[in-house]
Amino acid sequence: MTSLQPTLTAHPHRNRRLFSDHYLDVLLPGTAEWRAGVEEAAGVMAEIRAVFQRFTPTSNEAQTEQHLVWPLW
């Protein structure tokens with residue numbers, strides 16, 4: 001019998017076995033292209049973090065949309 005529960009890993013990605021974990025964890029982050037993408041995304045990631053820090057979870061769908069979804073749009 002297999003479990004449908006997701007397994008927790010130390011990987012910052014969900015590997016669907018298209019690539020090896022070694023490639024995703026070690027080789028890819030070491031490339032110049034990857035590092036350039038990380039630098040370019042730093043500002044956007046800071047904005048996303050700020051929206052999440054200001055957001056208070058609620059069961060009100062309209063309020064969630066207004067305070068979480070639209071600021072990220």
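Begin by selecting Asp21, which counts as partly exposed because its relative accessibility is 22%, a value between the 20% and 50% cut-offs. Please bear in mind throughout that the model is predicted.

Next, display the side chain of Arg17 together with that of Asp21. The two side chains meet in a salt bridge, with a distance of 3.5 Å from N to O. Side chains of opposite charge can pair when their charged atoms come close. Arg17 has a relative accessibility of 62% and therefore counts as exposed. The structure holds one salt bridge, so there is no second pair to look for under the definition used here.

Now move to Tyr23, which is located in helix α1, spanning residues 21–27. With 31% relative accessibility, Tyr23 counts as partly exposed. Which residues form a nonpolar patch on the surface with Tyr23? Add Leu18, Phe19, Val26 and Leu27 to the selection: together with Tyr23 they make up this patch, and the accessible area of the five residues is about 490 Å².

For the final stop, select Leu68 in helix α3, which covers residues 61–72. Is Leu68 buried or exposed? Its relative accessibility is 14%, so Leu68 counts as buried. To see what surrounds this residue, show Val51, Phe52 and Phe55, which Leu68 touches when residues up to four places away in sequence are not counted. Then pick the C-alpha atoms of Leu68 and Pro57: they lie 9.1 Å apart in space, while the two residues are 11 residues apart in sequence.

Note on methods
Residues are numbered from 1 along each chain as its sequence is written. This is a predicted model: local features need pLDDT of at least 70, side-chain atom pairs count only at pLDDT 80 or more; totals for chains, interfaces and linings use all residues. Side-chain values use heavy atoms; hydrogens and water are left out. Helices (H or I, at least four residues) and strands (E, at least two) are DSSP runs, numbered from the N terminus. Buried means under 20% relative accessible area, exposed over 50%, partly exposed in between (1.4 Å probe, protein chains only). Contact means heavy atoms within 4.5 Å. A salt bridge is a side-chain nitrogen of Lys or Arg within 4 Å of a carboxyl oxygen of Asp or Glu. Patches are made of residues with over 30% relative accessible area and no salt bridge: like charges are joined within 9 Å, nonpolar side chains (Val, Leu, Ile, Met, Phe, Trp, Tyr) within 5 Å. Accessible areas come from the Shrake-Rupley method with a 1.4 Å probe; for residues, only the protein chains shown count as cover.
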